[in-house]
Amino acid sequence: MWLKAIDHIQVTSTPDLEKAMLFFYGQALGLAEIPKPASLPAVGAWYQLGHTQVHIATETEIHNAQSRRHIAFEVENLETFRQHLQNLKVEIIPDRHPLANCDRFYLRDPAGNRIEILKYH
């Protein structure tokens, strides 16, 4: 096998949504921010989760709101995390295609990027 691991995932937003995106990934999702290389533009942010990084980038035009592409995060306690998100007024999107081996729901970040939250049984 050639591939070893996922190193990072990049999601995009427009510059006017950058502040909301950084709050969402840093506070609502609770990801740990890490320094970006000095050679990169100062916009956006990088976050670390285990061995994988999530990079927030800005682009002038994005078309995220209708896309099914997504990041999936596994959580320890689905209902506790759901309540945390609801307390922050994050819209929960129910799972319309349940799977036998996990419970899950979806949400969209401020720029419309789709996110799956799941807990395996």
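1. Asp 95 counts as buried, since its relative accessibility is 18% and the limit for a buried residue is under 20%. The model discussed here is a predicted one. In sequence, Asp 95 belongs to the loop that runs between strand 6 and strand 7. Its side chain has two polar contacts to record. One is with the side chain of Arg 104, at 2.8 Å. In the other, a polar atom of the Asp 95 side chain lies 2.9 Å from the backbone nitrogen of His 97.

2. The surroundings of Asp 95 also involve strand 7 (102-108). Leaving aside residues up to four places away in sequence, Asp 95 touches Arg 104 and Tyr 106. The C-alpha atoms of Asp 95 and Phe 105 are 5.0 Å apart in space, while the two residues are 10 residues apart in sequence.

3. Asp 95 is also one of the residues that line the largest pocket, together with Arg 68, Ile 93, Pro 94, Arg 96, His 97, Arg 104, Tyr 106, Arg 108 and Arg 114. Strand 6 (93-94) and strand 7 are the elements that give two or more residues to this lining. The largest share, three residues, comes from strand 7. By residue class, the lining has six charged, three nonpolar and one polar. The space in this pocket is about 260 Å³.

4. The second largest pocket holds about 150 Å³ of space. Its lining consists of Gln 10, Lys 36, Leu 40, Pro 41, Val 43, Trp 46, His 55, Ile 56, Ala 57 and Thr 58. Strand 4 gives the most to it, with four residues. Here the division is six nonpolar, three polar and one charged. A reader comparing the two pockets may set this beside the six charged residues in the lining of the largest pocket.

5. Asn 113 sits in the loop between strand 7 and strand 8. Is this residue buried or exposed? Asn 113 is buried, because its relative accessible area is 8%, and buried means under 20%. Its side chain is joined to that of Asp 109 by a polar contact of 2.9 Å and to that of Asn 64 by one of 3.2 Å. Not counting residues up to four places away in sequence, Asn 113 touches Val 11, Thr 12, Met 21, Tyr 25, Asn 64, Leu 107 and Arg 108.

6. Ala 65 is placed in the loop between strand 4 (52-58) and strand 5 (70-74). With a relative accessible area of 46%, Ala 65 is partly exposed. What does Ala 65 touch, apart from residues up to four places away in sequence? The residues concerned are Arg 108 and Gly 112. For Gly 112, the C-alpha separation from Ala 65 is 4.4 Å, although their positions lie 47 residues apart along the chain as a sequence offset. Arg 108 appears in other points of this note, as a contact of Asn 113 and in the lining of the largest pocket.

7. The largest nonpolar core has 25 residues, and those with the most contacts inside it are Tyr 25, Leu 29, Leu 85 and Ile 117. At least two residues each are supplied by helix 1 (18-28), strand 3 (45-49), strand 4, strand 5, helix 2 (78-87), strand 7 and strand 8 (114-120). Helix 1 makes the largest contribution, four residues. In soluble globular proteins, nonpolar side chains tend to be buried together. Leu 29 touches Phe 24, Phe 73, Phe 81, Leu 85 and Ile 115, not counting residues up to four places away in sequence.

8. Within helix 1, the buried residues are Glu 18, Met 21, Phe 24, Tyr 25, Gly 26 and Ala 28. Two of these, Met 21 and Tyr 25, are among the contacts of Asn 113. After helix 1 comes Gly 30, which has a positive phi, near 75°.

9. A positive phi also occurs at Lys 89, a residue other than glycine, where the value is near 65°. Most residues other than glycine have a negative phi. Lys 89 is located in the loop between helix 2 and strand 6. Its relative accessibility is 73%, so Lys 89 counts as exposed, the limit for that class being over 50%.

Key. Residues numbered from 1 in each chain as written. Predicted model: local features only at pLDDT ≥ 70, side-chain atom pairs only at ≥ 80, totals over all residues. Heavy atoms only, no water. Buried < 20%, exposed > 50% of the residue type's maximum accessible area, 1.4 Å probe, protein only. Contact = heavy atoms within 4.5 Å. Core = buried A, V, L, I, M, F, W, Y, C linked by side-chain atoms within 4.5 Å. Polar contact = N/O pair within 3.5 Å; in protein donor to acceptor, adjacent residues only side chain to side chain. 1 Å grid on protein atoms, 1.4 Å probe; cavity = no way out; pocket = protein on both sides within 12 Å on 5 of 7 lines; lining within 4 Å. Points joined across faces, edges and corners; volume = space filled by probe spheres on them. Nonpolar A, V, L, I, M, F, W, Y, C, P; charged D, E, K, R; others polar.
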